[in-house]
Each structure stands twice: as structure tokens, then as C-alpha cells.
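Reader: I'd like to practise reading a fold from its coordinates. Could you walk me through it, feature by feature?

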Amino acid sequence: MERKENVLDEKSFDFAVKTVKLYKKIIKEEKEYVLPKQFLRSGTSIGANVAEANGAISTADFSSKVSIAYKESLETKFWLRLFEATNYIEAEEFQDMFEKADELSRIMFSILKKTRMNK
């Protein structure tokens, strides 16, 4: 079966890849394992929940999965802010990742507004 791609699916997958790479970099360079693990979990969970939303069996199921992904994006932005404030990542790396996470948040919030207004 051919898989239909959408913008959110592509962007959330790309973000998950960048999340894994940043996680690996922090644990290698900083020898910190606890905080990056939380970041890894939330950053990759965005794409996983988007993938689940794409297979939703109802509008309510779809909205629920997108809502979870949205909340995970907010948590991920928190971790990024914390990493920059505690010098685990450089400002430039923070800016790039934060902008991508924020874009995902905005896309998902827009989807949630539309799906919940059409109820």
C-alpha cells in the first residue's frame, strides 16, 4: 500500500531525526543522560503521534492524537529552552530546533482549531 505523505508528517519526521542527532550529540559531548532522554522522548513522540493520527479511525481519534503531538511539541520547546539556558546547546542550534518545533506547534494548533470547529 502506498503511503500518502503530508506536510506535517514530513516535518515531524525530519524533526524527529534532528532530535535523535541532538540527543546523541549532548550525551556524547556533555555526558548528560537524564535531561536529553526526556527531550528525545518528547521530540520523537511528536512524529509518532502524527503517524498515529494519520491512521485514525474517526475525527475524534484524529483530534486526540494531534492534541497529544501538540502537547509534546510544547514540552520539546521547554527542553530546548532549558538546554540553551544551561549551555548544553549553542544559541544557533537552539534557534534552528526551536523554530522547527514552533512551526510544528503552529501547524498542529491550526489543525486542532479546524477539526474542533467542524464538530
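Author: Here we go from the overall fold down to single residues, bearing in mind that this is a predicted model.

Reader: Let's start wide. How many helices and strands are there in the protein?

Author: Count the elements, then read their order. The protein has four helices and zero strands, and along the sequence that gives the pattern α-α-α-α.

Reader: What about overall size? What radius of gyration does the protein have, next to that of a compact globule?

Author: Start from the chain length. For 119 residues, a compact globule would come out near 14 Å, and the protein has 15 Å, so the two agree. Its C-alpha trace spans about 45 × 30 × 20 Å along the principal axes. As for burial, 38% of the 119 residues count as buried. Look at sequence separation as well: among contacts with a separation of 6 or more, 73% join residues 24 or more positions apart.

Reader: Now a single helix. What should α1 span, and how far apart are its end C-alpha atoms?

Author: Use the rise per residue. At 1.5 Å a residue, the 24 residues of α1 should span 34 Å; the end C-alpha atoms are 33 Å apart, which agrees. At the start of α1, a side-chain oxygen of Asn6 comes within 3.1 Å of the backbone nitrogen of Leu8.

Reader: And which residues of α1 are buried?

Author: General idea before the list: an α-helix has 3.6 residues a turn, so residues three or four places apart point the same way. In α1 the buried residues include Leu8, Ser12, Phe15, Thr19, Leu22 and Ile26. The buried residues of this helix pack against α2, α3 and α4.

Reader: Ser12 is on that list. Which residues does Ser12 touch, leaving out those up to four places away in sequence?

Author: Check accessibility, then partners. Ser12 has 1% relative accessibility, and therefore counts as buried, the cut-off being under 20%. Its partners beyond four places in sequence are Ile46, Gly47, Val50 and Leu104.

Reader: On to the largest nonpolar core. Which residues touch the most other members?

Author: Look for the members with the most neighbours inside the core. Of its 22 residues, those are Leu22, Phe39, Leu80, Ile89 and Met108. The elements giving two or more residues to this core are α1, α2, α3 and α4, and α4 supplies the largest share, seven residues. Take Met108: beyond four places in sequence, Met108 contacts Leu8, Ile46, Val50, Val66, Ala69, Tyr70 and Ser73.

Reader: Let's stay in α4, with Thr115. Is Thr115 buried or exposed?

Author: Again, go by relative accessibility. For Thr115 in α4, the value is 16%, so Thr115 counts as buried. A polar atom of its side chain lies 3.2 Å from the backbone oxygen of Leu112. Leaving aside neighbours within four places, Thr115 contacts Phe62 and Ser63.

Reader: Last, backbone angles. What is the phi of Lys31, and where is Lys31 found?

Author: Most residues other than glycine have a negative phi. Lys31 has a positive phi, near 55°, and is found in the loop between α1 (7-30) and α2 (34-54). With 56% relative accessibility, Lys31 counts as exposed.

Reader: And what is the phi of Asn87?

Author: Asn87 has a positive phi of about 65°, although it is not a glycine. Asn87 lies in the loop between α3 (59-85) and α4 (91-117), and its 61% relative accessibility makes it exposed.

Conventions
Residues are numbered from 1 along each chain as its sequence is written. This is a predicted model: local features need pLDDT of at least 70, side-chain atom pairs count only at pLDDT 80 or more; totals for chains, interfaces and linings use all residues. Side-chain values use heavy atoms; hydrogens and water are left out. Buried means under 20% relative accessible area, exposed over 50%, partly exposed in between (1.4 Å probe, protein chains only). A nonpolar core is a set of buried Ala, Val, Leu, Ile, Met, Phe, Trp, Tyr and Cys residues joined through side-chain atoms within 4.5 Å. Contact means heavy atoms within 4.5 Å. A polar contact is a pair of N or O atoms within 3.5 Å; within protein, one must be able to donate a hydrogen and the other to accept it, and residues adjacent in sequence count only if both atoms are side-chain atoms. The expected span of a helix is 1.5 Å times one less than its number of residues. The radius of gyration is taken over C-alpha atoms; the globule rule is 2.2 Å times the number of residues to the power 0.38.
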